[in-house]
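I opened my notebook to jot down what I looked up in this structure. I kept the entries short and went one topic at a time.

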Amino acid sequence: MESLHIVKPVMENGRFLLPKKVRELLQVECNDTVECSAGPDGIYIRKHMEHCLFCGGTENVIAFKDKKICCHCLQALRSLDI
Ligand SMILES: [Zn+2]
């Protein structure tokens, strides 16, 4: 993946504009959500993706009773003999 280094100011109210080049690189569209975390090495921002509760996968994730599950795990649950 392409790497970017862009310096931007933080506004008085703490807002920070995610630069257009970064939005394009991460495929962040208007009304998408992003995850922001911080640690000793700095701030990490990534596009929020729905994750499967069981495997953490992000492909073919659906909601069931406010929980997320991928189709693979759903099929695995269906095959349980209970
Ligand atoms: Zn899963």
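**A strand pair**

I began with two strands in this predicted model. Strand 3 (residues 61-64) and strand 4 (residues 67-70) run antiparallel, and four bridges join them.

Next I looked up who faces whom. Ile62 stands opposite Ile69 in strand 4, and Phe64 stands opposite Lys67 in strand 4.

Then I checked the link between the strands. Strand 3 and strand 4 make a hairpin, with two residues between them. I noted Lys65 in the turn, since it has a positive phi of about 50°.

**One lysine**

I picked Lys68, which lies in strand 4. Is Lys68 buried, exposed or partly exposed? I found 17 C-beta neighbours inside 10 Å of Lys68. A buried residue needs 20 or more, and an exposed one has 12 or fewer, so Lys68 counts as partly exposed.

Which residues does Lys68 touch, if I skip those up to four places away in sequence? I wrote down Glu50, His51, Cys52, Leu53, Val61 and Ala63.

I also tried a pair further along the chain: Lys68 and Arg15 are 53 residues apart in sequence, and their C-alpha atoms are 30 Å apart in space.

**Domains**

Last, I zoomed out. The domain assignment splits the protein into domain 1 (1-48) and domain 2 (50-82). How many Å separate the centres of domain 1 and domain 2? Taken over C-alpha atoms, I got 29 Å between the two centres.

Methods
Residues are numbered from 1 along each chain as its sequence is written. This is a predicted model: local features need pLDDT of at least 70, side-chain atom pairs count only at pLDDT 80 or more; totals for chains, interfaces and linings use all residues. Domain bounds come from an automatic or database domain assignment. Two strands pair if DSSP finds at least two bridges between them. Two residues are in contact if their C-beta atoms, placed from the backbone, lie within 7 Å.
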